[in-house]
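Dear colleague,

I am handing over the structure we spoke about, with the sequence alongside. Please open both first, and then read on for what was found.

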Amino acid sequence: MMGGMASEETRTMKSKTVRSSATESEGAAVPATRAWATRLVVLGIVLSALNLRPAITSLGALLEEARDGLGMSGSVAGLLTSVPPLCFAVFGVMAPRLARRFGPGAVVCAGMVAITAGLVVRPYAGSTAGFLAATALALMGIAVSNVLMPVIVKRWFPDRVGSMTGLYSMALALGTASAAAVTVPVTEMLGGSWQSGLAVWAGLAAAAVLPWIPLVRDRGATPAEQPAVRREHARVEPPALRITRSRTAWALAVFFGLQATAAYITMGWMAQIFRDAGVSASTAGLLLAITMVMGVPLAFVIPRVATRLPQQGPIVIALGVCGLAGYAGLYFAPAAGAWAWAVLLGVSNCAFPLALTMVGMRARTGAGVAQLSAFAQSTGYLISIPGPLLVGVLYQHSGGWGLPIGLMAALMVPQMAVGVLAGRNRTVEDEAAR
């Protein structure tokens, strides 16, 4: 009997030892897995952000060639520059629901696949309708990724919202500027075919698919969450906010819409403004690149500064003043001071990373950020749709850039006003609960 008890005690001690070893092994493996997953998420964020604008700015650099090749009128070209905000509004609103169903990583991965396919097909569609349809496919992928980037940052890096928003905003600006700067030279290297010059950007989009593939089955849980917490989150769905009751959400949506209007007018038409002023095509593309590249350092700095301020109104005002100065320069001396105007408008366009930062700051939870991001971006992009189209119509019927530039300057004033309101230290959860 004593021998049996000793044997049982020995087996119990061995079992405890095995369980303890397994627990220690699991504890050692989990941090390593989390670190690996976190690095993949960072890489995925950067590569995805690089692809959120080349589909637009590469076309801006070759808009005249595409218009001639497809036989577009000025009004149709204006419609083409309005397609991005339209797609962002229509498809962006679907992003939170898709993220709940499939996970943010899976949706962004699918978005990068859509961008790749659209950029491959677009130049060779052979008609204006096909060109617009393929462009819409690429923009659909951009739309859902636009909305989900703040969500992914909030969930994976809740203590580094400013720095991570700055990182992907900087990558976004770098991709935007690169497409504007090198599309024309690359087109010339490829034999002067504008189709090849546009299609080449599909390669960058394809590379952005890869980091998300291992994370496709991850439903958006943060690396700090334990399995039990993940299961609890899966069972308990937080109630949706009545986001339309929040004044801050509306102010942020209008601010987002007006800055998007300015950005897409710039990306779609600024190179043409310089070309009509006597600047060569390659220099006009470089000037557009300068405007875009200003966002590389500033998109990293502005979110970090914004998160340290209780209110972001002063930054909104400073950016707006730069925009007004740039438009005045385009009106009075577009060619003589071209480099200065490009720099000033580049600074003004950094209202975009500021708006993204405020999305992360004006909601306390990941679910709140998802709703606010979808509402602000979808509503904002709807607001921005008429701007680029109206610029094309005014340009065609007035025969010059005076009226379009006047419109751009006039829109900067309400942008500054609603930006100050959106920058107040409030959260949508508090306002929506009233």
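Which residues does Ser163 touch, not counting residues up to four places away in sequence? The answer is Phe300 and Arg304. Please keep in mind here, and throughout, that this is a predicted model. Ser163 itself is found in helix H8, which covers residues 161-189, and its C-alpha atom is separated by 9.6 Å from that of Val305, a residue 142 positions apart from Ser163 along the chain.

Turning to the overall picture, the protein has 434 residues, of which 53% are buried, and its secondary structure comes to 21 helices and 0 strands. If one takes the contacts between residues at least 6 apart in sequence, 84% of them join residues that are at least 24 apart.

The largest nonpolar core holds 124 residues, and the members that touch the most other members are Ile45, Phe255 and Leu354. Helix H12, residues 247-276, supplies the largest share of this core, with 18 residues. For Ile45, once residues up to four places away in sequence are set aside, the residues touched are Met149, Ile152, Val153, Phe157, Met164, Tyr168 and Trp212.

Helix packing comes next, with two pairs that you may wish to inspect side by side. Two packed helices are described by the angle between their axes and the distance between the axes. For helix H15 (residues 313-332) and helix H20 (residues 402-422), the angle is about 175° and the axes are 9 Å apart, which means that H15 runs roughly antiparallel to H20. On the H15 side the contact is made by Gly313, Val316, Ile317, Gly320, Val321, Gly323, Leu324, Tyr327, Leu330 and Tyr331, and on the H20 side by Gly402, Ile405, Met408, Ala409, Met412, Gln415, Met416, Gly419 and Val420. Sorted by character, the residues of this contact are 13 nonpolar and 6 polar, with no charged residue.

The second pair is helix H2 (residues 54-61) with helix H3 (residues 63-70), which pack at an angle of about 80° with their axes 4 Å apart, so that H2 and H3 are roughly perpendicular to each other. Leu59, Gly60 and Ala61 of H2 meet Leu63, Glu65 and Ala66 of H3 in this contact, and the residues involved divide into 4 nonpolar, 1 polar and 1 charged. Helix H2 is largely enclosed by the rest of the structure, because 8 of its 8 residues are buried; these are Pro54, Ala55, Ile56, Thr57, Ser58, Leu59, Gly60 and Ala61.

Two of those H2 residues, Ser58 and Ala61, are among the residues touched by Thr183, together with Leu62, Ser178, Gly197 and Trp201, again not counting residues up to four places away in sequence. Thr183 is found in helix H8 and is buried, with a relative accessible area of 0%.

As for the rings, the count comes to 9 aromatic pairs. One of them is formed by Phe256 and Phe352, which lie 5.9 Å centre to centre with 65° between the planes, an edge-to-face arrangement. This pair links distant parts of the chain, since Phe256 belongs to helix H12 and Phe352 to helix H17 (residues 351-361), 96 residues apart. Both partners are buried, Phe256 with a relative accessible area of 0% and Phe352 with one of 10%. Phe256 and Phe352 also belong, with Phe88 and Tyr381, to one aromatic cluster.

Two members of that cluster, Phe88 and Tyr381, are touched by Asn146, whose other contacts, with residues up to four places away in sequence left out, are Leu52, Arg53, Ser373 and Gln377. Asn146 lies in helix H7, residues 128-156, and is buried at a relative accessible area of 4%.

Finally, there is a loop position to look at. Gly337 is found in the loop between H15 and helix H16 (338-348), and at 15% relative accessibility Gly337 counts as buried, the cut-off being under 20%. The C-alpha atoms of Gly337 and Gly326, which are 11 residues apart along the chain, are separated by 9.6 Å.

With kind regards

Note on methods:
Residues are numbered from 1 along each chain as its sequence is written. This is a predicted model: local features need pLDDT of at least 70, side-chain atom pairs count only at pLDDT 80 or more; totals for chains, interfaces and linings use all residues. Side-chain values use heavy atoms; hydrogens and water are left out. A nonpolar core is a set of buried Ala, Val, Leu, Ile, Met, Phe, Trp, Tyr and Cys residues joined through side-chain atoms within 4.5 Å. Buried means under 20% relative accessible area, exposed over 50%, partly exposed in between (1.4 Å probe, protein chains only). Helices (H or I, at least four residues) and strands (E, at least two) are DSSP runs, numbered from the N terminus. Contact means heavy atoms within 4.5 Å. Axes are lines fitted to C-alpha atoms, for helices over the stretch in contact, and angles run from 0 to 180 degrees between N-to-C directions. Angles under 35 degrees count as roughly parallel, over 145 as roughly antiparallel, 65 to 115 as roughly perpendicular and the rest as oblique. Ala, Val, Leu, Ile, Met, Phe, Trp, Tyr, Cys and Pro count as nonpolar, Asp, Glu, Lys and Arg as charged, and the others, Gly among them, as polar. Rings of Phe, Tyr and Trp (its six-membered ring) pair if their centres lie within 6.5 Å; planes under 30 degrees apart count as stacked, over 60 as edge-to-face and the rest as tilted.
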